[in-house]
Amino acid sequence: MNKTIWIEIPTEQGYNQKMLFNEEEFREFIDLVENQGRKEIGVWILEVVDDKVILYKSASFNKSTWSGPNYVMSRDDAKVAINNLLKGDENE
C-alpha cells in the first residue's frame with residue numbers, strides 16, 4: 001500500500017504550505033529540491049531555482065512560460081522539512 005505523506009513548509013507570504021504526496025511523489029519532490037528544475041508532481045506544479053522552491057497556483061498557471069501566481073518557500077526550509085520527515089520515519 002502506498003503511504004500518504006504530509007509536508008509543511010513556511011512560505012515567504014507568511015503561512016505554512018501543506019502538501020500531500022504519495023511515496024513516489026515524495027521521492028520526486030526530494031529529488032527536485034536536491035537537484036533543482038521544474039516538475040509537476042501529483043497536483044503540485046513546482047520549480048526549484050537557486051535557494052527558492054516555487055509552488056504555482058494550478059488554476060492560473062501558464063505551462064508554456066512557467067509563470068503565474070505562486071508561493072515561494074526557502075529551499076533550506078524545504079530540506080529541513082524533508083529531513084525531519086525522514087528522521088521521523090526512522091523512529092517508527
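# Reading a predicted fold

Modeller: Let us begin with one residue: Lys63 has a relative accessibility of 54% and counts as exposed. The model in front of us is predicted, and that should be kept in mind for each value we discuss.

Colleague: What cut-off must Lys63 pass to count as exposed?

Modeller: Exposed means over 50% relative accessible area and buried means under 20%, with partly exposed in between, so Lys63 at 54% falls in the exposed class. If we turn from this residue to the whole protein chain, 33% of its 92 residues count as buried. The chain exposes about 5700 Å², and carbon and sulfur atoms supply 46% of that area.

Colleague: How many helices and strands does the protein chain have, and in which order do they run?

Modeller: The protein chain has two helices and six strands, and, read from the N terminus, their order is β-β-α-β-β-β-β-α. The radius of gyration is 13 Å, close to the 12 Å that the globule rule gives for 92 residues, so the chain is as compact as a globular protein of that length. Along the principal axes, the C-alpha atoms fill a box of roughly 40 × 30 × 25 Å.

Colleague: Among contacts between residues at least 6 apart in sequence, what share joins residues at least 24 apart?

Modeller: In the protein chain that share is 33%. A single pair can show how separation in sequence and distance in space are read side by side: Lys79 and Trp6 are 73 residues apart in sequence, while their C-alpha atoms are 14 Å apart in space. Lys79 is found in helix α2, which covers residues 75-90, and at 27% relative accessibility Lys79 is partly exposed. Leaving out residues up to four places away in sequence, Lys79 touches Val33 and Glu34.

Colleague: How many salt bridges does a search of the whole structure find?

Modeller: To read one, look for a side-chain nitrogen of Lys or Arg within 4 Å of a carboxyl oxygen of Asp or Glu; the search finds four. One of them joins the side chains of Lys52 and Glu12, at 2.5 Å from N to O. Lys52 belongs to strand β5 (residues 52-56) and Glu12 to the loop between β1 (4-10) and β2 (16-22), so this pair ties together parts that are 40 residues apart in sequence. Another brings us back to Lys63, whose side chain meets that of Glu40 at 2.8 Å, N to O. Here Lys63 sits in the loop between β5 and β6 (70-74) and Glu40 in strand β3 (residues 37-41), so the parts tied together are 23 residues apart in sequence. Glu40, at 39% relative accessibility, is partly exposed.

Colleague: Is Glu47, which forms a salt bridge with Arg38, buried or exposed?

Modeller: Glu47 is buried, with a relative accessible area of 9%, whereas Arg38 is partly exposed at 47%. The closest N and O atoms of this salt bridge are 2.8 Å apart.

Colleague: Which side chain of opposite charge is nearest to Glu25?

Modeller: That side chain is Arg27, which is 10 Å away, and Glu25 is buried yet has no salt bridge. Glu25 has its place in helix α1, residues 23-35, and, when neighbours within four places in sequence are left aside, Glu25 is in contact with Leu20, Ile41 and Gly42. For the protein chain as a whole, there are 11 positive and 17 negative side chains, and the centres of the two sets lie 3 Å apart.

Colleague: What sign does phi have in most residues other than glycine?

Modeller: In most such residues phi is negative, and we can now look at two residues with that in mind. Gln36 has a positive phi of about 70° although it is not a glycine; Gln36 lies in the loop between α1 and β3 and is partly exposed at 35% relative accessibility. Asp50 also has a positive phi, near 50°; its place is in the loop between β4 (44-49) and β5, and at 54% relative accessibility Asp50 counts as exposed.

Colleague: Where is Gly68, and which residues does it touch beyond four places in sequence?

Modeller: Gly68 is in the loop between β5 and β6, and, with residues up to four places away not counted, Gly68 touches Tyr56 and Ser60. Gly68 and Tyr56 are 12 residues apart in sequence, with their C-alpha atoms 6.5 Å apart in space. At 29% relative accessibility, Gly68 counts as partly exposed.

How values were computed:
Residues are numbered from 1 along each chain as its sequence is written. This is a predicted model: local features need pLDDT of at least 70, side-chain atom pairs count only at pLDDT 80 or more; totals for chains, interfaces and linings use all residues. Side-chain values use heavy atoms; hydrogens and water are left out. Helices (H or I, at least four residues) and strands (E, at least two) are DSSP runs, numbered from the N terminus. The radius of gyration is taken over C-alpha atoms; the globule rule is 2.2 Å times the number of residues to the power 0.38. Buried means under 20% relative accessible area, exposed over 50%, partly exposed in between (1.4 Å probe, protein chains only). Contact means heavy atoms within 4.5 Å. Accessible areas come from the Shrake-Rupley method with a 1.4 Å probe; for residues, only the protein chains shown count as cover. Lys and Arg count as positive and Asp and Glu as negative; His and the chain ends are not counted. The place of a charge is taken as NZ of Lys, CZ of Arg, CG of Asp or CD of Glu.
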